[in-house]
Amino acid sequence: MNLHEYQSKKIFAAYGIPVPAGAVAATADEAVAVASGLGGPVWVVKAQVHAGGRGKAGGVKVVHDLQAVRAAASAMLGQRLVTKQTGAEGLPINQVYVESGSEIEREIYLSLTLNREKGRIAVVASAAGGMDIEEVAAKEPEKILSVTIHPAVGLEAYQARELAFGLGFAGAQISEFTAILKGLYRLYMEQDASLVEVNPLIVTKAGKLVALDAKIGIDANALFRHPELVALRDRTQEDPIEASAAEHDLNYVSLDGDIACMVNGAGLAMATMDIIKLHGGKPANFLDVGGGATAERVTAAFELILANPKVRAILVNIFGGIVRCDVIAEGIIAAVRKVDVKVPVVVRLEGTNAKQARELLAGSGLAVTAADGLTDAARKVVAAALK
């Protein structure tokens with residue numbers, strides 16, 4: 001679960017990480033009131049969306065008078081911001097964050113995330129802050145600094161100093177950077193974060209370090225421990241189908257294709273999408289109904305799939321292990337009848353009671369095509385989608 005910048009900065013401040021003064025606003029009048037309270041002469045108006053690249057997309061404006069604050073907020077609020085991370089549809093701007101302008105000497109990139117290969121938290125830093133860190137890593141990898149933190153020891157002082165020296169800090173800035181990094185690490189651990197990012201961490205003309213931006217992602221599996229963070233969730237920033245799927249305990253990710261997939265098991269789902277691509281099709285989604293799929297969950301899955309207007313065919317690929325294939329077949333029949341599916345449905349069932357399941361589908365009278373094997377299923381669903 002992602003947090004907005006204004007929410008992240010409030011948490012940053014609670015952990016002693018310096019941030020510019022600012023407040024969130026939902027209307028142009030509120031934005032002007034915030035700016036007036038902050039005092040001038042420079043303010044920054046930022047669109048609050050769960051995506052990076054806001055500045056390049058017009059979602060960050062530096063302004064020098066209250067009328068310009070009003071104009072910037074009015075131009076953003078109620079619109080959709082399209083960045084490299086949002087896709088063509090963009091994300092709605094329901095709020096803006098107004099903060100005092102900062103005098104920037106230079107910009108640093110700093111983040112904490114999980115290094116899955118090493119199974120440890122990694123601190124990633126670069127003197128090329130304010131830029132797309134992926135681009136820096138691809139073109140100038142020597143500018144990326146990184147250390148991994150041993151879980152039994154935690155962040156050590158020498159690691160903070162090593163990064164500080166690598167980033168060109170000296171004197172009091174080393175102590176400031178160390179304090180900020182320790183605060184970020186404590187935040188990461190205590191709030192069960194999956195990502196904490198500051199881009200940029202600036203050095204002001206006065207030589208002080210300030211977190212000019214803030215991004216926090218929370219591990220969804222740990223949200224039961226953080227009801228106060230759950231309350232910060234902004235569903236308007238989420239794919240509505242994915243949000244609905246989560247409510248039904250379904251793992252769903254929207255994709256750009258037109259062949260919907262309903263599968264039990266993440267590995268089988270990945271293999272299903274791969275074979276659809278292999279035979280010339282494009283998956284419309286990743287959907288794992290889980291090993292304990294029921295008729296109710298299958299029905300909910302069909303409803304989610306059909307909420308996507310781009311879907312031209314559906315492939316159901318179920319391996320009956322924990323749950324029997326005949327139970328899944330009954331769920332498919334009930335779901336197709338209830339949801340009134342109007343696109344071709346190809347079903348491949350293997351495992352426990354697969355023969356009985358195929359007989360149930362054949363005798364249902366529904367326009368459901370049975371497949372013998374995954375390759376046959378892929379060929380049939382791709383052909384159906386092209387009709």
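Trainee: Which residues does valine 203 touch, not counting residues up to four places away in sequence?

Mentor: This is a predicted model, in which local features need a pLDDT (the predictor's confidence in each residue, from 0 to 100) of at least 70 and side-chain atom pairs count only at pLDDT 80 or more, while totals for chains, interfaces and linings use all residues. Residues are numbered from 1 along each chain as its sequence is written, and side-chain values use heavy atoms, with hydrogens and water left out. If contact is taken to mean heavy atoms within 4.5 Å, then the residues that valine 203 touches are Glu103, Ile104, Glu105, Arg106, Phe169, Gln173, Lys208 and Leu209.

Trainee: Is valine 203 buried or exposed?

Mentor: Valine 203 is found in strand E10 (residues 193-204), where helices (H or I, at least four residues) and strands (E, at least two) are DSSP runs numbered from the N terminus. A residue is called buried under 20% relative accessible area, exposed over 50% and partly exposed in between, with a 1.4 Å probe and protein chains only. The relative accessible area of valine 203 is 4%, so this residue is buried.

Trainee: What distance separates the C-alpha atoms of valine 203 and glutamate 103?

Mentor: Glutamate 103 is one of the residues that valine 203 touches. Along the chain the two are 100 residues apart, yet the separation of their C-alpha atoms is 8.5 Å.

Trainee: In what order do the four strands of the open sheet stand?

Mentor: Two strands are said to pair if DSSP finds at least two bridges between them, and in this sheet the pairing is antiparallel. Strand E2 (residues 43-47), for instance, is joined to strand E6 (residues 96-100) by five bridges, with alanine 47 opposite valine 96. The four strands follow the order E1-E6-E2-E3.

Trainee: Which strands stand at the edges of that open sheet, each with a single partner strand?

Mentor: The order of the strands is E1-E6-E2-E3. A strand with a single partner has one side left without a neighbour in the sheet, so the edges are strand E1 (22-25) and strand E3 (60-63).

Trainee: What angle does the direction of helix H2 make with that of E6?

Mentor: Axes here are lines fitted to C-alpha atoms, for helices over the stretch in contact, and angles run from 0 to 180 degrees between N-to-C directions. Helix H1 (residues 5-14) packs on the sheet, touching E1, E2 and E6, and its direction makes about 45° with that of E6. Helix H2 (residues 28-38) also packs on the sheet and touches E1, E2 and E6, its direction making with that of E6 an angle of about 15°.

Trainee: Within what arc do the buried residues of H2 fall?

Mentor: The buried residues of H2 are Ala28, Ala31, Val32, Val34 and Ala35, and what covers them includes E1, E2, helix H3 (66-76) and E6. On the other side of H2, Asp29 and Gly37 are exposed. The arc is that of the directions from the helix axis to the C-beta atoms, and the buried residues line one face of H2 because, seen down its axis, they fall within 160°.

Trainee: How far apart are the end C-alpha atoms of helix H9?

Mentor: The expected span of a helix is 1.5 Å times one less than its number of residues. Helix H9 (residues 266-278) has 13 residues and should therefore span 18 Å, which agrees with the distance between its end C-alpha atoms, 18 Å.

Trainee: Which exposed residues does H9 carry on the face turned away from its buried side?

Mentor: In H9, Ala269, Thr272, Met273, Ile275 and Ile276 are buried. Seen down the axis, they fall within an arc of 165°, so they line one face of the helix. Strand E14 (259-263) and helix H13 (374-386) are among the elements that cover them. The face turned away from this buried side carries Gly267, Asp274, Lys277 and Leu278.

Trainee: Which residue of E16 stands opposite isoleucine 259?

Mentor: In E14, Ile259, Cys261 and Val263 point one way and Ala260 and Met262 the other way, and all are buried. Five bridges join E14 to E16, and these two strands run parallel. Opposite isoleucine 259 stands alanine 313.

Trainee: Where in the chain is confidence lowest?

Mentor: The chain averages a pLDDT of 91, and 98% of the residues score at least 70. Where pLDDT is low, the predicted coordinates should not be read in detail. Confidence is highest in H1, at 98, and lowest, at a mean of 76, in helix H8 (residues 240-247).
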